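I opened a fresh notebook page for this one and went through it one lookup at a time. Here are my entries, in the order I made them.

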Amino acid sequence: MTPAAPDPSLNRALKRWWSTPILSKKLVGVDDCNKALAEAACQERKSAGSASPPFHAWYSQRDALQEADFDVSALLSQFRSAVSRLQSAAAPEGEQPKEFRVSCASRVAQQGEFTPEQTLPGFVWTGVYTCYSEAGDGSAVLTLQDPRVGAEMVPVRGSNYGKPLGMPLNTSELLLFPAWLRAGMPPQTGAGTHVSLRLGIQFR
């Protein structure tokens, strides 16, 4: 795999919580792709019916990017650039970048629907990308929690150990973080539909 070209804006987007890199990045030039992904996800949910448990957000069973019947190259290239930046930040000095695969499922939620906190075994990184929010930015929130036993007892002043971290979800914003963190979305507060992608990144 050819390493992605450096993106200076990603240096400003990278933060560290729990001594772990987490990336927040606003993507550009993806409005058409967002619209197409949101329409496809809403149609797929409508066709699937009420297969999800009550009050749970709906997730697609297919890969929203790899199986899309429209051009997603603008979005996928920025996903890959962000993952490469995060991978470089976390890798030991001198380690060569690994090839990776990005897969994702569409998520469609209405007011009051939620996603329970969970880790993603088998993935190295995971993330959330918001395609569309009918109620406006911030109506849905991503929560992250350190699942390690005793983490809340680490006596580091000002640290987030053991405390959940809430991150409002904004349209066209990509959030990437380690798959071992517990991630969930509390019940959506705003009325209307919220469409996002849940990403999974695996090393080849």
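**Entry 1: helix H3**

I began with helix H3, in what is a predicted model. H3 covers residues 73–90, which is 18 residues, and at 1.5 Å a residue I expected a span of 26 Å. The C-alpha atoms at its ends are 26 Å apart, so the expected span and the model agree.

Next I asked which residues of H3 are buried. My list reads Leu75, Gln78, Phe79, Ser81, Ala82, Val83, Ser84, Leu86 and Gln87. A reminder to myself: an α-helix has 3.6 residues a turn, so residues three or four places apart point the same way.

**Entry 2: the overall layout**

I then stepped back to the whole protein chain. Its secondary structure comes to three helices and eleven strands. Along the sequence I read the pattern α-β-β-α-β-α-β-β-β-β-β-β-β-β. The protein chain has 204 residues, and 45% of them count as buried.

**Entry 3: aromatic rings**

How many aromatic pairs does a search of the whole structure find? I got one. The partners are Phe79 and Tyr129, arranged edge-to-face, with 5.3 Å centre to centre and 70 degrees between the planes. The angle is over 60 degrees, so the pair counts as edge-to-face rather than tilted. Phe79 sits in helix H3 and Tyr129 in strand S6 (residues 125–133), so the pair links distant parts of the chain, 50 residues apart.

Are these two rings' residues buried or exposed? Phe79 is buried, at a relative accessible area of 0%, and Tyr129 is buried too, also at 0%.

While looking at rings I noted one more contact: the charged end of Arg80 sits over the ring of Phe100, 4.4 Å from the ring centre.

**Entry 4: cysteines**

I looked for disulfides and counted zero. Why is Cys42 not in one? The closest cysteine sulfur to that of Cys42 belongs to Cys131, and at 9.6 Å it is too far for a bond. The cut-off I used is 2.5 Å between sulfur atoms. Cys104 is in no disulfide either: its nearest cysteine sulfur, again that of Cys131, is 8.2 Å away.

I also checked accessibility. Cys42 counts as partly exposed because its relative accessibility is 29%, whereas Cys104 counts as buried because its value is 5%.

**Entry 5: cavity and pocket**

How many cavities of 30 Å³ or more does the search find? It finds one. The largest cavity holds about 30 Å³ of space. Lining the largest cavity I found Tyr59, Thr115, Val128, Leu142, Ala183, Gly184, Met185 and Arg198. Strand S10 (residues 182–185) gives the largest share of that lining, three residues.

I looked up the second largest pocket as well, and its volume is about 170 Å³. Among its lining residues are Tyr59, Arg62, Asp63, Ser103, Cys104, Phe123 and Arg198. Strand S4 (100–109) and strand S11 (194–203) each supply at least two residues of the lining. Cross-checking the two lists, I see Tyr59 and Arg198 in the lining of the largest cavity and again in that of the second largest pocket.

**Entry 6: a backbone angle**

Most residues other than glycine have a negative phi, and most peptide bonds are trans. With that in mind I flagged Ser172, whose phi is positive, near 70 degrees. Where is Ser172 found? It is in the loop between strand S8 (165–168) and strand S9 (173–178). Ser172 counts as buried because its relative accessible area is 5%.

**Entry 7: two loop residues**

Val28 lies in the loop between strand S2 (20–26) and helix H2 (31–48). It counts as exposed because its relative accessibility is 59%. C-alpha to C-alpha, Val28 and Ala74 are 8.8 Å apart in space, although 46 residues apart in sequence.

Pro187 is in the loop between S10 and S11. At 48% relative accessibility, Pro187 counts as partly exposed, because the cut-off for exposed is over 50%. The C-alpha atoms of Pro187 and Ala140 are separated by 7.7 Å, with their places 47 residues apart along the chain.

Notes
Residues are numbered from 1 along each chain as its sequence is written. This is a predicted model: local features need pLDDT of at least 70, side-chain atom pairs count only at pLDDT 80 or more; totals for chains, interfaces and linings use all residues. Side-chain values use heavy atoms; hydrogens and water are left out. Helices (H or I, at least four residues) and strands (E, at least two) are DSSP runs, numbered from the N terminus. The expected span of a helix is 1.5 Å times one less than its number of residues. Buried means under 20% relative accessible area, exposed over 50%, partly exposed in between (1.4 Å probe, protein chains only). Rings of Phe, Tyr and Trp (its six-membered ring) pair if their centres lie within 6.5 Å; planes under 30 degrees apart count as stacked, over 60 as edge-to-face and the rest as tilted. A charge sits over a ring if NZ of Lys or CZ of Arg is within 6 Å of the ring centre and within 35 degrees of the ring normal. On a 1 Å grid over the protein atoms alone, a cavity is a set of points where a 1.4 Å probe fits but cannot get out, and a pocket is an open set with protein on both sides within 12 Å along at least five of seven lines; lining residues have an atom within 4 Å of a point. Grid points are joined across faces, edges and corners, and a volume is the space filled by probe spheres set on the points.
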